[in-house]
Amino acid sequence: IRIQVRQRDDSWTEAANLWCVLVAPPGSVKSPIITAATAPLRDIDARWSEGDSARHAQWAAAAKRRGKDAPPAGAEPPIRRAVVDDMTSEKAIRIFRDNPRGVLQAPDELAGLLGGFGAYKSGGGSDRTHFLRMFDGGSITSDRVGSGTISARRASLSVLAGTQPEKLRGLVRDLGADGLLQRFVVVLHDGRERQGLDEEPDRAAVQWLATSIEALTSMGGVMAAPVRLSLAADAVLKNAMAEIHRLRNLAGASEAFGGHVEKWGKILPRLVLIVHVMRLLEIGA
């Protein structure tokens, strides 16, 4: 599902994926929030994995039987995935090859994700380069001597992670020129202390989330035609972007913050697309 950002220019489209990080002190229930948000996807992922892994194992066994009397194994069956915790860039390409609609990566700690590649470790940067490409959801290819060429036509990654202010400061000190951290939507803790409440969960909201995600994952493959804005919606989007771009001129704003503001040219249309799709689900369109 993609959105055409401009009225006439059909070459610029954005996917519905977002990179989001919750920034809060220790003990601020970041992990339970992420767990609750991803629970429906994890249930679907477990259900898919059980069936698809069995089919893939049968195919692999048949592929090894290469005698003249053995029937052809056929094409390798895909393994559907909805959410991952950790993956190498090479494994990610294999996952996206089977899942062109994209997946969610949901590590507990952002520093652990970013610390595994690129400028955040000594030597090598291909993992970081591939990770950046997954923000736009385009094609991605890896060429290795041992494993050969692996490619995916669409590699669309969403990220939901948490971190602490001190850890985020360490990451910011190592900001590169590629704008990796600037691509994240940052949700900041407001500093207020709150007491936990012993109350019944909002079961209607939990069910709505689970039903909506089930409906989205049950839809057919990738939509060919992007969503287009009406003239009225286009005017609202342009006005909102103008307001956001004014933040670049805040007194004392850093160059890195300016880079983050620029990324909202891609982030805001994605938010519009997500809200649009969820509203369509609500009315049963």
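1. Let's start with how far along the sequence the contacts reach. Among contacts between residues at least 6 apart in sequence, 68% join residues at least 24 apart. Please keep in mind while reading that this is a predicted model. The protein chain has 285 residues, of which 36% count as buried. Its secondary structure comprises eight helices and 10 strands. About 16900 Å² of the protein chain is exposed, and carbon and sulfur atoms supply 55% of that area.

2. A good strand to look at next is β3, which covers residues 19–23. Five of its five residues are buried, so β3 counts as mostly covered. W19, V21 and V23 point one way, while C20 and L22 point the other way. This fits a general pattern: in a regular strand the side chains alternate between the two faces of the sheet.

3. Which strands pair with β3? One is β8 (residues 157–163), joined to β3 in the parallel sense over five bridges. Another is β9 (residues 185–188), which runs parallel to β3 and is joined to it by four bridges. V23 is a handy residue to click on here: it stands opposite T163 in β8, and also opposite L188 in β9.

4. There is also an open sheet of three strands, in the order β2-β1-β10, with mixed pairing. Its edge strands are β2 (13–15) and β10 (227–228), each of which pairs on one side only. Strand β1 (residues 2–4) runs parallel to β10, and two bridges join them. Within this pairing, I3 stands opposite V227 of β10. Helix α8 lies across β1, β2 and β10, and runs at about 65° to β2.

5. Now for the charged side chains: the structure holds 19 salt bridges. One of them brings R47 and E214 together, at 3.0 Å from N to O. R47 lies in helix α1 (residues 30–64) and E214 in helix α6 (residues 203–218), so this pair ties together parts that are 167 residues apart in sequence. Both partners are partly exposed, R47 with a relative accessible area of 45% and E214 with 30%.

6. A salt bridge within one helix makes a nice contrast. The side chains of D52 and R55 meet at 2.3 Å, N to O. These two residues are three apart in helix α1, which means about one helical turn separates them. Is each partner buried or partly exposed? D52 is buried, with a relative accessible area of 2%, whereas R55 is partly exposed at 45%.

7. Two further sets of charged residues deserve a look. E200 forms a salt bridge with R203, with their closest N and O atoms 3.4 Å apart, and both residues are exposed. Elsewhere, a network of salt bridges links E14, D136, K266 and R270.

8. H130 sits in helix α4 (residues 126–136). Its relative accessibility is 10%, so H130 counts as buried. Leaving aside residues up to four places away in sequence, H130 touches S89, I93, I140, T141 and S142.

9. Finally, turn to the surface, where L247, L250 and F257 form a nonpolar patch. Together they have about 240 Å² of accessible area. L250 is found in the loop between α7 (231–245) and α8 (255–283). Why does L250 count as partly exposed? The reason is its relative accessibility of 46%, since the partly exposed class lies between the 20% and 50% limits.

Notes. Residues numbered from 1 in each chain as written. Predicted model: local features only at pLDDT ≥ 70, side-chain atom pairs only at ≥ 80, totals over all residues. Heavy atoms only, no water. Patch = residues over 30% accessible without salt bridge, like charges linked within 9 Å, V, L, I, M, F, W, Y side chains within 5 Å. Areas by Shrake-Rupley, 256 points an atom, 1.4 Å probe, with all protein chains shown as cover. Salt bridge = Lys/Arg side-chain N within 4 Å of Asp/Glu carboxyl O. Buried < 20%, exposed > 50% of the residue type's maximum accessible area, 1.4 Å probe, protein only. Pairing = 2+ DSSP bridges. Contact = heavy atoms within 4.5 Å. Axes fitted to C-alpha atoms, helices over the stretch in contact; angles between N-to-C directions.
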